[in-house]
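Colleague: Please take a close look at the nonpolar interior of this model. I should like a connected account of what lines it and of what lies elsewhere in the chain.

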Amino acid sequence: MSPEREGDGTVGQPVPFDVVARAAEADLPTGKDKTVLVRSMFDAIAPRYNLVNRMMTFGLDVRWRKQSAEALGLAKGSVVLDLACGTGDFLSILRSKGLRPFGMDLSWGMLAANRTGLPLSQADGSALPLSDSSVDGITCGYALRNFTELAAVFDEFGRVVRPGGRISLLEVAEPDHGLLLTGHRIWFRHVVPIIGGLVSDRAAYRYLPKSTAYLPPTDGLRSMLMASGFSSVNHHPLSGGLSQLITATRQGRP
Ligand SMILES: C[S@@+](CC[C@H](N)C(=O)[O-])C[C@H]1O[C@@H](n2cnc3c(N)ncnc32)[C@H](O)[C@@H]1O
């Protein structure tokens, strides 16, 4: 659980998203304000989250999660934490590969929409309620830019993944150049907020493209993961750079 206390909006009763969204409109919040915004936003969009994802990516997000699960390269029966598991798309894929997954997420709304039947708990990625070296691997889909303290989350990955264990992280990305970049910018910055507004929550899907500003560049992510005890950090652009996959191995003798 987060070290924050119930009542400040980071755990316990959610703060209405429209209140928080208006406060965040002018700028990208940081610290506790960001945690409250992110949590209330995902509570608000949880019921239609999967539908909007499929529409936004033409179903490619399913393929990207499968590639990410494959890239873990862990043996069947391995215990895998899916951090920021949301509605459970990643968990189902991990289970279908013979792994033993469980999920953690900050948002009760997302956890309530999770129908996988797998073990779930509410937790903040920067303070995981897990023992040292207790999991074989971690997956994390489209959440890095949502964490308030990314370095603290990576440190937690380094603490709870056993030596020789693996992590596989997915995030949004932008193609390098050309027509794909232009098309992606128009789609992500202008069309997605309209679709999201029609099907789900306009403020949330206006915030989504803006939130990519939180994401460190590839080299920054690599350095942070190495500082948290990972080696063999690899970066793979997916579908021409529409998404990115980062894999790494926990240092130390297995
Ligand atoms: C874009 S969704 C991704 C959900 C899922 N991983 C997927 O691939 O569809 C981001 C998720 O990160 C969760 N999240 C944000 N900040 C978090 C934190 N500090 N600790 C745990 N989960 C967090 C949100 O509640 C949300 O469910």
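Modeller: In this predicted model, the largest nonpolar core comprises 32 residues. Those with the most contacts inside this core are F42, L94, L170 and Y205. Two or more residues come from each of the helices α2 (31-45), α3 (49-57), α4 (60-72), α5 (89-96), α8 (178-199) and α9 (202-210), and likewise from strand β5 (161-172). The most is given by α2, with five residues.

Y205 merits separate attention. Leaving aside residues up to four places away in sequence, Y205 touches I45, Y49, V52 and M56, as well as V192, P193, G196 and S200. Apart from the largest core lies another one, of 29 residues, with L81, M104, A143 and A248 among them.

A polar residue may be considered next. Q122 is found in strand β3, which spans residues 120-122. Its relative accessibility is 7%, so Q122 counts as buried, the limit being under 20%. The side chain of Q122 reaches the backbone oxygen of L106 at 2.6 Å, and a polar contact of 3.3 Å joins it to the side chain of W108.

Finally, there is the pairing of two strands. Strand β6 (residues 230-238) runs antiparallel to strand β7 (residues 243-250), and seven bridges link the pair. One of the bridge partnerships is that of H235 with I246 in β7. Together β6 and β7 form a hairpin with four residues between them. In the turn, S239 has a positive phi of about 50°.

Conventions:
Residues are numbered from 1 along each chain as its sequence is written. This is a predicted model: local features need pLDDT of at least 70, side-chain atom pairs count only at pLDDT 80 or more; totals for chains, interfaces and linings use all residues. Side-chain values use heavy atoms; hydrogens and water are left out. A nonpolar core is a set of buried Ala, Val, Leu, Ile, Met, Phe, Trp, Tyr and Cys residues joined through side-chain atoms within 4.5 Å. Buried means under 20% relative accessible area, exposed over 50%, partly exposed in between (1.4 Å probe, protein chains only). Contact means heavy atoms within 4.5 Å. A polar contact is a pair of N or O atoms within 3.5 Å; within protein, one must be able to donate a hydrogen and the other to accept it, and residues adjacent in sequence count only if both atoms are side-chain atoms. Two strands pair if DSSP finds at least two bridges between them.
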